[in-house]
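Visitor: I am new to reading protein models, and I would like a close look at a single part of this one. Could you take me through the surroundings of the ligand and then follow the chain outward from there?

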Amino acid sequence: MTDQQPAPDGVLRLINGYWATGVVGAAAAHSLFTHLENGADTAAKLAIRADIAERGAQTLLDGLLGVGLVELDEGRYRNTPEASAYLVDGKPTSLSSFAQLKLKHMGSLVALPEVVGAGGPVTDPTTEVARNPHWEEIVPAIAAQSVPAATVAAEVLGLADAGEISILDVGGGSGVYSAIWLETNPAARSTQLDWEPINAIARRLLAERGVADRFTTIDGDFHTTDFGIAKYDVALYSHIAHQEGPEDNVAVFARFRDALKPGGAVVICDYVVDDDRSGPAFPLIFAAEMLLKSKQGGTWRQSDYRDWLVKAGFKDVSFHSAPPATLVIAR
Ligand SMILES: C[S@@+](CC[C@H](N)C(=O)[O-])C[C@H]1O[C@@H](n2cnc3c(N)ncnc32)[C@H](O)[C@@H]1O
(Lines give C-alpha, C1' and ligand atoms only; values in the text may rest on other atoms or scores of the structure.)
Protein backbone atom coordinates (compact mmCIF):
# COMPACT_ATOMS: atom_id res chain seq x y z
CA MET A 1 0.00 0.00 0.00
CA THR A 2 1.44 3.43 -0.93
CA ASP A 3 1.19 6.51 1.28
CA GLN A 4 -1.60 7.83 -0.93
CA GLN A 5 -3.60 4.62 -0.88
CA PRO A 6 -6.57 4.81 1.52
CA ALA A 7 -7.06 1.89 3.92
CA PRO A 8 -9.66 -0.66 2.74
CA ASP A 9 -11.62 -0.94 5.97
CA GLY A 10 -14.31 1.61 5.01
CA VAL A 11 -15.06 -0.27 1.80
CA LEU A 12 -14.93 -3.60 3.61
CA ARG A 13 -17.42 -2.33 6.17
CA LEU A 14 -19.79 -1.41 3.35
CA ILE A 15 -19.31 -4.69 1.50
CA ASN A 16 -20.14 -6.46 4.74
CA GLY A 17 -22.92 -4.04 5.65
CA TYR A 18 -25.26 -6.99 6.12
CA TRP A 19 -23.30 -7.89 9.26
CA ALA A 20 -24.73 -4.75 10.87
CA THR A 21 -28.27 -5.60 9.72
CA GLY A 22 -27.78 -9.10 11.14
CA VAL A 23 -26.34 -8.05 14.49
CA VAL A 24 -28.92 -5.30 15.09
CA GLY A 25 -31.81 -7.53 13.94
CA ALA A 26 -30.68 -10.48 16.09
CA ALA A 27 -30.10 -8.25 19.12
CA ALA A 28 -33.61 -6.82 18.66
CA ALA A 29 -35.07 -10.32 18.24
CA HIS A 30 -33.66 -11.26 21.65
CA SER A 31 -34.61 -7.90 23.25
CA LEU A 32 -30.96 -7.28 24.09
CA PHE A 33 -31.41 -3.49 24.12
CA THR A 34 -34.32 -3.88 26.54
CA HIS A 35 -32.33 -6.13 28.86
CA LEU A 36 -29.35 -3.74 28.73
CA GLU A 37 -31.70 -0.88 29.58
CA ASN A 38 -32.94 -2.89 32.56
CA GLY A 39 -29.43 -3.39 33.94
CA ALA A 40 -28.13 -6.64 32.43
CA ASP A 41 -24.68 -5.26 31.61
CA THR A 42 -22.50 -8.32 30.87
CA ALA A 43 -22.71 -11.18 28.40
CA ALA A 44 -23.37 -13.61 31.26
CA LYS A 45 -26.33 -11.60 32.62
CA LEU A 46 -27.73 -10.99 29.13
CA ALA A 47 -27.48 -14.67 28.31
CA ILE A 48 -29.65 -15.52 31.32
CA ARG A 49 -32.22 -12.75 30.77
CA ALA A 50 -32.55 -13.37 27.02
CA ASP A 51 -32.25 -17.15 27.33
CA ILE A 52 -29.48 -17.33 24.74
CA ALA A 53 -25.95 -18.79 24.76
CA GLU A 54 -23.31 -16.67 26.50
CA ARG A 55 -21.12 -17.00 23.40
CA GLY A 56 -24.03 -15.62 21.36
CA ALA A 57 -24.57 -12.74 23.79
CA GLN A 58 -20.87 -11.80 23.75
CA THR A 59 -20.82 -11.93 19.94
CA LEU A 60 -23.82 -9.60 19.74
CA LEU A 61 -22.25 -7.22 22.28
CA ASP A 62 -19.01 -7.15 20.27
CA GLY A 63 -20.94 -6.43 17.08
CA LEU A 64 -23.09 -3.76 18.72
CA LEU A 65 -19.99 -2.07 20.10
CA GLY A 66 -18.50 -2.24 16.60
CA VAL A 67 -21.51 -0.53 15.03
CA GLY A 68 -21.71 2.04 17.82
CA LEU A 69 -24.97 1.02 19.51
CA VAL A 70 -23.52 0.08 22.91
CA GLU A 71 -20.77 1.56 25.07
CA LEU A 72 -18.27 -0.40 27.18
CA ASP A 73 -16.90 0.87 30.47
CA GLU A 74 -14.73 -1.35 32.71
CA GLY A 75 -16.31 -4.55 31.44
CA ARG A 76 -19.91 -3.25 31.71
CA TYR A 77 -22.05 -2.58 28.65
CA ARG A 78 -24.82 -0.04 28.26
CA ASN A 79 -27.01 1.27 25.43
CA THR A 80 -25.91 4.44 23.66
CA PRO A 81 -28.55 7.21 23.85
CA GLU A 82 -29.63 6.27 20.28
CA ALA A 83 -30.09 2.59 21.14
CA SER A 84 -31.96 3.56 24.27
CA ALA A 85 -34.35 5.85 22.35
CA TYR A 86 -34.94 3.67 19.29
CA LEU A 87 -34.28 0.02 20.08
CA VAL A 88 -35.79 -0.64 23.50
CA ASP A 89 -39.08 -2.57 23.21
CA GLY A 90 -42.27 -0.80 24.14
CA LYS A 91 -41.12 2.79 23.62
CA PRO A 92 -43.34 4.69 21.13
CA THR A 93 -40.27 5.39 18.99
CA SER A 94 -38.96 1.80 19.11
CA LEU A 95 -37.66 0.49 15.78
CA SER A 96 -37.04 -2.97 17.23
CA SER A 97 -39.62 -4.80 15.09
CA PHE A 98 -38.39 -2.92 12.00
CA ALA A 99 -34.83 -4.13 12.71
CA GLN A 100 -36.13 -7.71 12.87
CA LEU A 101 -38.17 -7.30 9.66
CA LYS A 102 -35.12 -6.03 7.77
CA LEU A 103 -33.31 -9.30 8.49
CA LYS A 104 -35.93 -10.99 6.30
CA HIS A 105 -35.55 -8.42 3.52
CA MET A 106 -31.82 -8.89 3.01
CA GLY A 107 -32.25 -11.68 0.46
CA SER A 108 -34.27 -9.45 -1.88
CA LEU A 109 -31.13 -7.42 -2.65
CA VAL A 110 -29.67 -10.34 -4.57
CA ALA A 111 -31.90 -9.17 -7.44
CA LEU A 112 -30.47 -5.62 -7.44
CA PRO A 113 -27.83 -6.09 -10.18
CA GLU A 114 -30.54 -7.44 -12.53
CA VAL A 115 -33.01 -4.75 -11.42
CA VAL A 116 -30.47 -2.02 -12.16
CA GLY A 117 -29.98 -3.46 -15.65
CA ALA A 118 -33.72 -3.59 -16.28
CA GLY A 119 -34.40 -0.17 -14.69
CA GLY A 120 -37.08 -1.60 -12.41
CA PRO A 121 -38.46 -4.70 -10.65
CA VAL A 122 -37.93 -8.04 -12.37
CA THR A 123 -40.76 -9.68 -10.41
CA ASP A 124 -44.14 -8.24 -9.38
CA PRO A 125 -43.41 -4.81 -7.92
CA THR A 126 -44.27 -4.72 -4.21
CA THR A 127 -45.94 -1.34 -4.28
CA GLU A 128 -48.28 -1.94 -7.21
CA VAL A 129 -49.78 -5.25 -6.15
CA ALA A 130 -53.26 -4.57 -4.74
CA ARG A 131 -53.65 -5.63 -1.09
CA ASN A 132 -50.07 -6.95 -1.03
CA PRO A 133 -49.53 -8.95 2.25
CA HIS A 134 -46.13 -7.19 2.39
CA TRP A 135 -47.94 -4.15 3.84
CA GLU A 136 -49.49 -6.12 6.72
CA GLU A 137 -45.99 -7.02 7.88
CA ILE A 138 -44.34 -3.72 7.22
CA VAL A 139 -46.95 -1.23 8.40
CA PRO A 140 -46.83 -1.93 12.18
CA ALA A 141 -43.02 -2.21 11.97
CA ILE A 142 -42.57 1.23 10.39
CA ALA A 143 -45.10 3.06 12.60
CA ALA A 144 -42.45 4.28 15.05
CA GLN A 145 -40.52 5.94 12.23
CA SER A 146 -43.37 8.38 11.74
CA VAL A 147 -43.56 9.53 15.37
CA PRO A 148 -40.94 12.33 15.06
CA ALA A 149 -42.36 13.55 11.71
CA ALA A 150 -45.96 13.50 12.98
CA THR A 151 -44.88 15.50 16.02
CA VAL A 152 -43.02 18.11 13.92
CA ALA A 153 -46.01 18.40 11.54
CA ALA A 154 -48.43 18.89 14.45
CA GLU A 155 -46.28 21.76 15.72
CA VAL A 156 -45.84 23.41 12.30
CA LEU A 157 -49.60 23.22 11.62
CA GLY A 158 -50.57 24.25 15.17
CA LEU A 159 -52.88 21.23 15.37
CA ALA A 160 -53.27 21.32 19.15
CA ASP A 161 -55.22 24.59 18.97
CA ALA A 162 -56.89 24.06 15.60
CA GLY A 163 -60.30 23.04 17.01
CA GLU A 164 -62.72 20.79 15.14
CA ILE A 165 -60.61 19.88 12.15
CA SER A 166 -61.00 16.93 9.82
CA ILE A 167 -58.00 15.02 8.49
CA LEU A 168 -57.62 12.71 5.48
CA ASP A 169 -54.69 10.26 5.65
CA VAL A 170 -54.11 8.53 2.31
CA GLY A 171 -52.12 5.30 2.69
CA GLY A 172 -52.18 5.85 6.44
CA GLY A 173 -50.92 2.34 7.25
CA SER A 174 -50.80 1.82 11.01
CA GLY A 175 -52.69 5.09 11.52
CA VAL A 176 -49.80 6.44 13.56
CA TYR A 177 -50.30 10.02 12.35
CA SER A 178 -53.99 9.89 13.18
CA ALA A 179 -53.20 8.47 16.62
CA ILE A 180 -50.74 11.26 17.43
CA TRP A 181 -52.80 14.06 15.91
CA LEU A 182 -56.07 12.91 17.54
CA GLU A 183 -54.27 12.74 20.89
CA THR A 184 -52.85 16.23 20.27
CA ASN A 185 -56.26 17.69 19.39
CA PRO A 186 -59.26 16.12 21.19
CA ALA A 187 -61.72 17.86 18.80
CA ALA A 188 -60.10 16.54 15.62
CA ARG A 189 -61.43 13.68 13.47
CA SER A 190 -59.48 11.59 11.02
CA THR A 191 -60.28 9.41 8.01
CA GLN A 192 -57.79 6.91 6.64
CA LEU A 193 -57.87 5.52 3.09
CA ASP A 194 -55.94 2.26 2.70
CA TRP A 195 -56.45 -1.39 1.85
CA GLU A 196 -59.01 -3.21 4.01
CA PRO A 197 -56.59 -5.45 6.02
CA ILE A 198 -54.38 -2.45 6.77
CA ASN A 199 -57.32 -0.35 7.93
CA ALA A 200 -58.24 -3.19 10.30
CA ILE A 201 -54.73 -3.00 11.81
CA ALA A 202 -55.03 0.79 12.16
CA ARG A 203 -58.45 0.60 13.84
CA ARG A 204 -57.04 -1.85 16.37
CA LEU A 205 -54.03 0.37 17.13
CA LEU A 206 -56.18 3.50 17.48
CA ALA A 207 -58.58 1.64 19.79
CA GLU A 208 -55.58 0.68 21.98
CA ARG A 209 -54.75 4.39 22.22
CA GLY A 210 -58.33 5.34 23.07
CA VAL A 211 -59.05 7.53 20.02
CA ALA A 212 -60.92 5.09 17.74
CA ASP A 213 -64.22 6.97 18.21
CA ARG A 214 -62.85 9.85 16.11
CA PHE A 215 -61.23 7.64 13.47
CA THR A 216 -62.94 6.26 10.36
CA THR A 217 -61.55 4.23 7.49
CA ILE A 218 -62.25 3.90 3.79
CA ASP A 219 -61.13 0.67 2.12
CA GLY A 220 -59.76 0.86 -1.41
CA ASP A 221 -57.11 1.86 -3.92
CA PHE A 222 -56.27 5.54 -3.47
CA HIS A 223 -55.73 5.93 -7.23
CA THR A 224 -59.40 5.33 -7.88
CA THR A 225 -61.24 6.03 -4.60
CA ASP A 226 -62.98 9.40 -4.37
CA PHE A 227 -61.44 11.83 -1.83
CA GLY A 228 -64.53 14.11 -1.83
CA ILE A 229 -64.76 17.87 -2.30
CA ALA A 230 -63.87 20.57 0.28
CA LYS A 231 -64.22 18.08 3.15
CA TYR A 232 -60.88 18.22 4.95
CA ASP A 233 -58.65 20.73 6.72
CA VAL A 234 -55.52 18.58 6.43
CA ALA A 235 -54.62 15.92 3.86
CA LEU A 236 -51.70 13.62 4.54
CA TYR A 237 -49.53 11.52 2.19
CA SER A 238 -46.73 9.95 4.21
CA HIS A 239 -44.18 7.66 2.58
CA ILE A 240 -46.36 7.16 -0.48
CA ALA A 241 -44.90 9.68 -2.99
CA HIS A 242 -41.73 7.57 -3.26
CA GLN A 243 -43.65 4.57 -4.62
CA GLU A 244 -45.40 6.68 -7.30
CA GLY A 245 -44.21 8.28 -10.54
CA PRO A 246 -44.48 12.03 -11.28
CA GLU A 247 -47.82 11.87 -13.13
CA ASP A 248 -49.53 9.86 -10.41
CA ASN A 249 -48.23 12.19 -7.71
CA VAL A 250 -49.52 15.27 -9.56
CA ALA A 251 -52.90 13.56 -10.03
CA VAL A 252 -53.16 12.74 -6.30
CA PHE A 253 -52.08 16.28 -5.30
CA ALA A 254 -54.76 17.79 -7.58
CA ARG A 255 -57.38 15.57 -5.93
CA PHE A 256 -56.07 16.69 -2.52
CA ARG A 257 -56.52 20.32 -3.60
CA ASP A 258 -60.18 19.59 -4.38
CA ALA A 259 -60.68 17.56 -1.19
CA LEU A 260 -59.32 20.34 1.03
CA LYS A 261 -61.41 23.20 2.35
CA PRO A 262 -60.19 26.70 1.37
CA GLY A 263 -56.99 27.34 3.36
CA GLY A 264 -56.51 23.63 4.07
CA ALA A 265 -53.03 22.11 4.04
CA VAL A 266 -51.52 19.06 2.42
CA VAL A 267 -48.71 17.38 4.36
CA ILE A 268 -46.30 15.12 2.50
CA CYS A 269 -43.68 13.20 4.42
CA ASP A 270 -40.96 11.44 2.50
CA TYR A 271 -37.26 10.95 1.89
CA VAL A 272 -36.48 14.04 -0.17
CA VAL A 273 -33.18 14.76 -1.90
CA ASP A 274 -31.56 18.11 -2.62
CA ASP A 275 -32.22 19.57 -6.06
CA ASP A 276 -28.70 18.67 -7.30
CA ARG A 277 -29.00 15.17 -5.77
CA SER A 278 -25.96 15.87 -3.55
CA GLY A 279 -27.62 14.68 -0.33
CA PRO A 280 -28.80 13.87 2.28
CA ALA A 281 -27.24 10.40 2.41
CA PHE A 282 -30.24 8.43 3.74
CA PRO A 283 -32.70 9.38 0.95
CA LEU A 284 -29.97 8.92 -1.66
CA ILE A 285 -29.40 5.32 -0.55
CA PHE A 286 -33.15 4.66 -0.14
CA ALA A 287 -33.60 5.17 -3.92
CA ALA A 288 -32.33 1.57 -4.42
CA GLU A 289 -35.27 0.26 -2.39
CA MET A 290 -37.73 1.93 -4.74
CA LEU A 291 -35.90 0.72 -7.86
CA LEU A 292 -36.25 -2.78 -6.44
CA LYS A 293 -39.90 -2.47 -5.40
CA SER A 294 -41.71 0.00 -7.66
CA LYS A 295 -42.09 0.58 -11.39
CA GLN A 296 -41.88 4.36 -11.26
CA GLY A 297 -41.01 5.38 -7.70
CA GLY A 298 -37.86 7.05 -6.45
CA THR A 299 -36.51 9.61 -4.05
CA TRP A 300 -37.83 12.86 -5.43
CA ARG A 301 -36.17 16.29 -5.20
CA GLN A 302 -37.53 19.34 -3.39
CA SER A 303 -38.02 20.94 -6.83
CA ASP A 304 -40.12 17.96 -7.96
CA TYR A 305 -42.50 18.37 -5.01
CA ARG A 306 -42.69 22.14 -5.55
CA ASP A 307 -43.44 21.76 -9.28
CA TRP A 308 -46.04 19.04 -8.77
CA LEU A 309 -47.81 20.95 -5.99
CA VAL A 310 -47.91 24.17 -8.03
CA LYS A 311 -49.26 22.21 -11.03
CA ALA A 312 -51.92 20.77 -8.72
CA GLY A 313 -53.04 24.27 -7.67
CA PHE A 314 -51.17 24.83 -4.37
CA LYS A 315 -49.43 28.15 -3.77
CA ASP A 316 -47.37 28.22 -0.59
CA VAL A 317 -44.95 25.29 -0.41
CA SER A 318 -42.55 24.88 2.53
CA PHE A 319 -40.07 22.20 3.62
CA HIS A 320 -39.45 21.12 7.22
CA SER A 321 -36.77 18.78 8.45
CA ALA A 322 -37.79 15.58 10.31
CA PRO A 323 -34.63 13.48 9.79
CA PRO A 324 -34.19 11.28 7.91
CA ALA A 325 -37.47 12.43 6.31
CA THR A 326 -38.64 15.83 5.11
CA LEU A 327 -42.11 17.30 5.53
CA VAL A 328 -43.51 19.20 2.57
CA ILE A 329 -46.45 21.39 3.56
CA ALA A 330 -48.52 23.27 1.01
CA ARG A 331 -51.66 25.38 1.00
C1 LIG B 1 -44.92 2.83 3.34
S2 LIG B 1 -46.50 2.60 4.03
C3 LIG B 1 -46.78 4.19 4.78
C4 LIG B 1 -47.73 4.13 5.94
C5 LIG B 1 -47.95 5.45 6.69
N6 LIG B 1 -48.44 6.50 5.82
C7 LIG B 1 -46.68 5.89 7.39
O8 LIG B 1 -46.06 6.87 6.97
O9 LIG B 1 -46.29 5.23 8.37
C10 LIG B 1 -47.51 2.67 2.59
C11 LIG B 1 -49.00 2.51 2.86
O12 LIG B 1 -49.71 2.81 1.68
C13 LIG B 1 -50.69 1.82 1.45
N14 LIG B 1 -50.89 1.74 0.00
C15 LIG B 1 -49.94 1.53 -0.94
N16 LIG B 1 -50.49 1.55 -2.16
C17 LIG B 1 -51.83 1.77 -1.97
C18 LIG B 1 -52.92 1.91 -2.86
N19 LIG B 1 -52.76 1.84 -4.18
N20 LIG B 1 -54.14 2.18 -2.32
C21 LIG B 1 -54.32 2.26 -0.98
N22 LIG B 1 -53.31 2.15 -0.10
C23 LIG B 1 -52.09 1.91 -0.59
C24 LIG B 1 -50.10 0.56 2.04
O25 LIG B 1 -51.11 -0.39 2.35
C26 LIG B 1 -49.40 1.11 3.27
O27 LIG B 1 -50.27 1.18 4.38
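Guide: The largest share of the shell around the ligand comes from helix H9, which supplies three residues. Please keep in mind that this is a predicted model. The shell counts 20 residues, and those that come nearest to the ligand are Trp-135, Gly-171, Gly-173, Ser-238 and His-239. Sorted by class, the shell holds nine nonpolar, nine polar and two charged residues.

Let us stay with helix H9, which runs over residues 133–142 and in which Trp-135, Val-139 and Pro-140 are buried. When you look down the axis of H9, these buried residues fall within an arc of 110°, so they line one face of the helix. A general rule helps in reading such a pattern: an α-helix has 3.6 residues a turn, so residues three or four places apart point the same way. As for what lies against them, the buried residues of H9 pack against helix H7 (96–105) and helix H12 (196–208).

From here we can turn to strand S6, which covers residues 232–238, and to Tyr-232, which is found in this strand. Tyr-232 is buried, because 24 other C-beta atoms lie within 10 Å, and a count of 20 or more is what the term requires. Ile-165 is 67 residues away from Tyr-232 along the chain, and yet the C-alpha atoms of the two are separated by 7.4 Å. If we leave aside the neighbours within four places in sequence, Tyr-232 is in contact with Ser-166, Ile-167 and Leu-168, and also with Ala-259, Leu-260, Lys-261 and Gly-264.

Strand S6 also leads us to helix H13, because the buried residues of H13 pack against S6, as well as against strand S7 (260–270) and helix H15 (302–311). Helix H13 has 14 residues, 246–259, and at 1.5 Å a residue it should span 20 Å, which agrees with the 20 Å between its end C-alpha atoms. Its buried residues are Asn-249, Val-252, Phe-253, Arg-255 and Phe-256. Seen down the axis of H13, they fall within an arc of 160°, so they too line one face of their helix.

Finally, to place these parts in the whole chain, note that it is divided into domain 1, residues 9–89, and domain 2, residues 124–330. The centres of the two domains, taken over C-alpha atoms, are 33 Å apart.

Notes: Residues are numbered from 1 along each chain as its sequence is written. This is a predicted model: local features need pLDDT of at least 70, side-chain atom pairs count only at pLDDT 80 or more; totals for chains, interfaces and linings use all residues. Domain bounds come from an automatic or database domain assignment. Helices (H or I, at least four residues) and strands (E, at least two) are DSSP runs, numbered from the N terminus. The expected span of a helix is 1.5 Å times one less than its number of residues. A residue is buried if 20 or more other C-beta atoms lie within 10 Å of its own, exposed if 12 or fewer, and partly exposed in between; C-beta atoms are placed from the backbone. The arc is that of the directions from the helix axis to the C-beta atoms. Two residues are in contact if their C-beta atoms, placed from the backbone, lie within 7 Å. A residue is near a molecule or strand if its C-beta atom, placed from the backbone, lies within 6 Å of it. Ala, Val, Leu, Ile, Met, Phe, Trp, Tyr, Cys and Pro count as nonpolar, Asp, Glu, Lys and Arg as charged, and the others, Gly among them, as polar.
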